[in-house]
Amino acid sequence: MNNQQAHTHWGQFIPLVSVFFFWGFVAAGNDILIPVFKHAFQLTQTQSQFVSLSFYVAYTVGSVLYLLISKLIKEDVTKRIGYKNSLVTGLCISAFGTLLFYPAANMASFNLMLSGLFIVGLGFSLLQTTANPLAISLGTANTASQRLTLAGGVNNFGTTIGPLIVAFAIFGTPSGNNEMSIESVKIPYLVLGAAFLIVAVFLKFSSIPNHPNPTVINLEQESTQTSALQFPQLLMGMAAIFVYVGVEVSTASNLPGYMETTQGYQTKDIAPFISLYWASLMIGRWTGGVEAFNLQAGAAKIAKFLVPYAAFSVFLLVNAIAQHDLSHFYVYGAVVLVLIAADIASKGNPARMLLIFSLLGIGGLILGMSTSGMLSIYAFTSIGLFCSTLWPCIFTLAISGLGKHTGQGSNYLIMMIMGGGIVSWIQGMVSEKIGIQMSYLVGVACFAYMAIYALMVPGILAKQGISLDKKASSTH
């Protein structure tokens with residue numbers, strides 16, 4: 001692979017990844033809002049999961065609206081208004097959602113707060129629809145998936161610091177005794193809305209193209225199918241995205257309830273553990289993004305060991321700045337070795353990686369359900385490591401061979417992000433029947449489906465003349 005082949009337009013890519021950061025920041029910040037709202041509004045565990053449900057279902061509603069508007073104007077929305085303008089529009093919609101937190105806090109209205117989160121999610125839906133293919137297009141095809149993985153790593157930097165900043169804004173320093181108050185969420189979300197608007201202006205004047213190069217994504221393969229939904233790899237992939245986002249979000253959003261009810265933690269002390277969970281995704285995605293930099297083979301192997309620990313160091317640094325006790329966390333560095341070994345074993349094949357990481361996810365959840373104390377907490381936290389590479393794996397498998405239907409297929413996949421809210425809500429309901437620790441059986445079922453998809457999809461693609469091993473060798 002020469003430098004020309006591996007070229008990435010960094011001047012355009014770097015401004016773009018700011019929106020990936022915001023998705024992560026808000027999504028992980030929600031995990032702090034859940035216990036705050038639960039206490040302030042006297043909610044059950046199931047009701048508290050309406051926070052995740054309202055936010056993630058907005059992605060599906062947004063995707064459906066996108067399809068309906070595109071059909072109405074007889075042209076793809078993003079193609080009509082441009083990619084850059086779509087990003088700006090999405091940020092402005094999300095900024096409006098954050099404004100609702102002010103009257104919602106004053107009125108102590110849970111429903112109005114959920115409405116605010118829903119509108120933030122609507123804006124993010126447009127951002128996702130636009131930014132994922134845009135990240136792929138800002139360079140050449142050889143490093144397209146690595147750019148998406150790298151953007152995901154920036155997303156998870158947001159998820160790592162999101163819980164810490166939201167917790168600091170609500171509770172103050174760990175040594176402080178700030179009372180948990182619904183009023184305290186007003187200022188953080190107004191500041192977040194202002195940041196959305198500032199970045200919208202920044203992107204408007206950036207070098208990001210309104211109409212990027214469409215040839216990076218392979219759209220040349222013609223087929224007799226008239227719809228993306230006629231491809232079995234996409235249909236099964238949509239369900240895989242649903243359960244993947246589901247287990248990723250529900251593991252984290254139910255973790256505060258688990259730590260409070262069974263481990264005796266106070267709400268204000270949970271933030272660093274939520275941060276570690278989302279940092280685990282960052283660790284995996286930074287590792288997966290190494291190849292976007294076109295390193296020589298030897299340097300790439302060294303980076304595969306160094307980069308995950310650099311990401312882990314970022315987690316330790318931001319928590320040190322937040323004045324949290326780090327003594328619990330150093331041992332987690334050993335768990336990172338499992339990620340590195342699994343990444344090497346996958347050999348760049350997305351189906352093989354999906355299978356290995358899904359089986360590790362099942363193992364982590366079973367360990368968490370069958371133990372207690374820090375071992376159990378770290379077992380549940382490790383799910384972040386094992387979820388880290390699954391989005392690009394599933395996305396790549398699901399759109400392989402779609403040809404001219406690739407864009408339509410991508411939109412259907414983004415629609416399935418609603419799994420994050422629905423699976424969290426289901427786990428909340430299950431927890432009230434069999435206990436919150438055993439409710440992680442819901443996550444086991446999610447990983448089991450992804451393992452089945454990983455086993456079946458190579459055969460499905462082979463019938464269409466697509467070899468995953470050839471694709472892997474051409475991009476690694």
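Gln-42 is exposed in this predicted model, with a relative accessible area of 67%, a value that places the residue over the 50% cut-off for exposure. Gln-42 is found in the loop between helix 1 and helix 2, the latter covering residues 45–48, and its phi is near 55°, which is a positive value in a residue other than glycine. Most residues other than glycine have a negative phi. Gln-323 can be read alongside Gln-42, since its phi, near 65°, is again a positive value in a residue other than glycine. The place of Gln-323 is in the loop between helix 13 (297–321) and helix 14 (332–346), and with a relative accessible area of 52% Gln-323 is exposed.

From Gln-42 the path leads inward by way of Phe-37, because Gln-42 is one of the residues with which Phe-37 is in contact once neighbours within four places in sequence are left aside, contact here meaning heavy atoms within 4.5 Å. The others in that set are Leu-43, Val-51, Phe-101, Phe-110, Met-113 and Ile-182. Phe-37 is also one of three residues, with Leu-16 and Phe-124, that touch the most other members of the largest nonpolar core, a core of 146 residues. Helix 1, which runs over residues 10–40, contributes the largest share of this core, with 17 residues.

The structure holds 25 aromatic pairs, and one of them joins Phe-37 to Phe-110. The ring centres of Phe-37 and Phe-110 are 5.8 Å apart and the planes stand at 85°, so the pair is edge-to-face, the angle being over the 60 degrees required for that label. Phe-37 lies in helix 1 and Phe-110 in helix 7, so this pair ties together parts that are 73 residues apart in sequence, and both Phe-37 and Phe-110 are buried. Phe-101, named above among the contacts of Phe-37, takes part in a pair with Tyr-189, in which the ring centres are 4.2 Å apart and the planes are at 5°, so the pair is stacked. This pair, too, links distant parts of the chain, with Phe-101 in helix 6 (residues 101–107) and Tyr-189 in helix 9 (residues 186–204), 88 residues apart. Phe-101 and Tyr-189 are buried. Elsewhere, one aromatic cluster is formed by Phe-21, Phe-22, Phe-25, Phe-55, Tyr-56, Tyr-59, Phe-124, Phe-157 and Phe-196.

Phe-25, a member of that cluster, leads on to Gly-162, which is in contact with Phe-25 and Gly-29 when its neighbours within four places in sequence are left aside. Gly-162 has its place in helix 8, which spans residues 144–171, and at 0% relative accessibility Gly-162 counts as buried. The C-alpha atoms of Gly-162 and Asn-132 are 21 Å apart in space, while the two residues are 30 apart in sequence.

Helix 8 also matters for the next topic, the enclosed space. The structure holds three cavities of 30 Å³ or more, and about 350 Å³ of space lies in the largest cavity. Of the 24 residues that line this cavity, Trp-23, Gln-128, Asn-155, Glu-248 and Arg-285 are the closest to its centre. Two or more lining residues come from each of helix 1, helix 3 (50–73), helix 7 (110–137), helix 8, helix 10 (232–253), helix 12 (271–288) and helix 18 (390–399), and helix 8 gives the most, with six residues. By residue type, the lining of the largest cavity divides into 14 nonpolar, eight polar and two charged residues.

The second largest pocket holds about 220 Å³ of space. Its lining consists of Gly-62, Leu-65, Tyr-66, Ile-69, Val-77, Ile-81, Thr-89, Ile-93, Leu-122, Ser-125 and Leu-126. Helix 3, helix 4 (77–81), helix 5 (83–99) and helix 7 each supply at least two residues of that lining, and the largest share, four residues, comes from helix 3. In this lining there are eight nonpolar residues, three polar and no charged.

A further glutamine closes the route. Gln-427 has its place in helix 20, residues 419–434, and at 0% relative accessibility Gln-427 counts as buried, whereas Gln-42 is exposed. Leaving aside neighbours within four places in sequence, Gln-427 is in contact with Ser-250, Thr-251, Asn-254, Ser-439, Tyr-440 and Val-442.

Conventions. Residues numbered from 1 in each chain as written. Predicted model: local features only at pLDDT ≥ 70, side-chain atom pairs only at ≥ 80, totals over all residues. Heavy atoms only, no water. Core = buried A, V, L, I, M, F, W, Y, C linked by side-chain atoms within 4.5 Å. Buried < 20%, exposed > 50% of the residue type's maximum accessible area, 1.4 Å probe, protein only. 1 Å grid on protein atoms, 1.4 Å probe; cavity = no way out; pocket = protein on both sides within 12 Å on 5 of 7 lines; lining within 4 Å. Points joined across faces, edges and corners; volume = space filled by probe spheres on them. Nonpolar A, V, L, I, M, F, W, Y, C, P; charged D, E, K, R; others polar. Phe/Tyr/Trp six-rings, centres within 6.5 Å; stacked < 30°, edge-to-face > 60°.
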